[in-house]
Structure formats: C-alpha cells, structure tokens
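Here's a quick briefing for anyone about to load this one up. Have the viewer open while you read, and click through the residues as they come up.

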Amino acid sequence: MSYKVALVLVVVGVALALPEDLYGAPQHKQVYAEIPYNFAYGVKDEYKGTDFSQNEESDGKVVKGSYTVQLPDGRKQTVTYVADDYGGYRAEVSYYGEAQYPKEYGPPITFKPAVYKPQPTYQQPGYQ
C-alpha cells in the first residue's frame, strides 16, 4: 500500500513540475539596460519641399522627444511625446499655420528621376 501512495506522490510531483504549455514558446522576461541617450536630426530640401526633424532624449527610464513635419497643405505639425514603462506612450499634437488650398486644381507636380544608362564593361568575343 505504501508503494502505491509513494507512486501517486511521485506522479503528482512530476505533473506539478512540468510547465503548463509544453509546446508553447519559452517565456522570457525582457530586461533592458538603462542607457541614457539623445539624438537629433533634421532635413530641409527647398527644391522638393521636404522639411522634417526629430529630437529625442532618455535618462534610461523615461523617453522624451518631439518631431516636426511640414504637411502638404502648408501647416507644420509637431508631435511632442513622453514614453515610460508606467504610462506608456503619451503624445500631444499641435499645428502651426493655416491650411492653404490651391484655387485651381491640376496635375500633381512631379520630378522626373535622372536617367541612368550604364555602359557595358565586358563583351564576349564575337557577340554583339
């Protein structure tokens, strides 16, 4: 009788020691190093009308930053954000200027890309 009780206890112990999902992916806790950083960039191309920038900084726990984009209607959109583990991503969006719409509509203004025609560097003998 004591062997049966011992066997039942061993089976229950093994069943409790097994993970709940044998076929699922292993669960890993992601741990990120708290590394402070900051960066900024900006692009302004008068010819194509491109104008955008971003700056961001972090103390290792909280990320703060903003980015600005020149919209096609002439306004400038600025998004200022804060992100952390507690509150997630929180953003405030603001616009500068007034939307401008053309009085006459026509085909969109496009720029043709430069034509690239590579010259052959090797030809097989007798083949033209």
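What follows is a short tour, from the overall fold down to a few individual residues.

Keep in mind that this is a predicted model. The protein has one helix and five strands, and along the sequence they run α-β-β-β-β-β. Just 11% of its 128 residues count as buried, so the two buried residues picked out below are worth a click, given that buried means under 20% relative accessible area.

**Overall numbers**

- The protein exposes about 12,400 Å², and carbon and sulfur atoms supply 58% of that area.
- Among contacts with a separation of 6 or more, 14% are between residues 24 or more positions apart.

**How the strands pair**

- β1 and β2 run antiparallel to each other, with nine bridges between them; one place to see this is Ala-40, whose bridge partner in β2 is Asn-55.
- These two strands make a hairpin with four residues in between, and Gly-49 in that turn has a positive phi of about 80°.
- β2 also pairs with β3, again in the antiparallel sense, over seven bridges; here Glu-57 has Lys-64 of β3 as its bridge partner.
- The β2 and β3 hairpin has four residues between its strands as well, and Gly-60 takes a positive phi near 100° there.

**The nonpolar surface patch**

- Which residues form the nonpolar patch on the surface? They are Tyr-37, Phe-39, Tyr-41, Val-43, Phe-52, Tyr-67, Val-69 and Tyr-89, and together they have about 690 Å² of accessible area.
- β1 (37-45) and β3 (63-70) each put at least two residues into the patch, with β1 giving the most at four.
- Tyr-89 comes from strand β5, which covers residues 88-96.
- As general background, side chains in a regular strand alternate between the two faces of the sheet.

**Thr-78, in β4**

- Thr-78 sits in strand β4 (residues 76-84), and it counts as buried because its relative accessibility is 11%.
- The side chain of Thr-78 makes a polar contact of 3.4 Å with the side chain of Thr-68.
- Setting aside neighbours within four places in sequence, Thr-78 touches Tyr-67 and Thr-68, along with Glu-92, Val-93, Ser-94 and Tyr-96.

**Asp-51, in β2**

- Is Asp-51, a residue of strand β2 (residues 50-58), buried or exposed? Its relative accessible area is 17%, so Asp-51 is buried.
- A polar contact of 3.4 Å links the Asp-51 side chain to that of Lys-76.
- Beyond the neighbours within four places in sequence, Asp-51 is in contact with Val-43, Lys-44, Thr-68, Val-69, Gln-70 and Lys-76.
- Thr-68 is therefore a handy residue to select: it appears among the contacts of Thr-78 and among those of Asp-51, given that contact means heavy atoms within 4.5 Å.

**Gly-60, in the loop between β2 and β3**

- Gly-60 lies in the loop that joins β2 and β3, and with a relative accessible area of 22% it is partly exposed.
- Leaving out its neighbours within four places in sequence, Gly-60 has contacts with Glu-34, Ile-35 and Pro-36.
- Gly-60 and Asp-84 are 24 residues apart in sequence, while their C-alpha atoms are 9.5 Å apart in space.

Note on methods. Residues numbered from 1 in each chain as written. Predicted model: local features only at pLDDT ≥ 70, side-chain atom pairs only at ≥ 80, totals over all residues. Heavy atoms only, no water. Buried < 20%, exposed > 50% of the residue type's maximum accessible area, 1.4 Å probe, protein only. Areas by Shrake-Rupley, 256 points an atom, 1.4 Å probe, with all protein chains shown as cover. Patch = residues over 30% accessible without salt bridge, like charges linked within 9 Å, V, L, I, M, F, W, Y side chains within 5 Å. Salt bridge = Lys/Arg side-chain N within 4 Å of Asp/Glu carboxyl O. Polar contact = N/O pair within 3.5 Å; in protein donor to acceptor, adjacent residues only side chain to side chain. Pairing = 2+ DSSP bridges.
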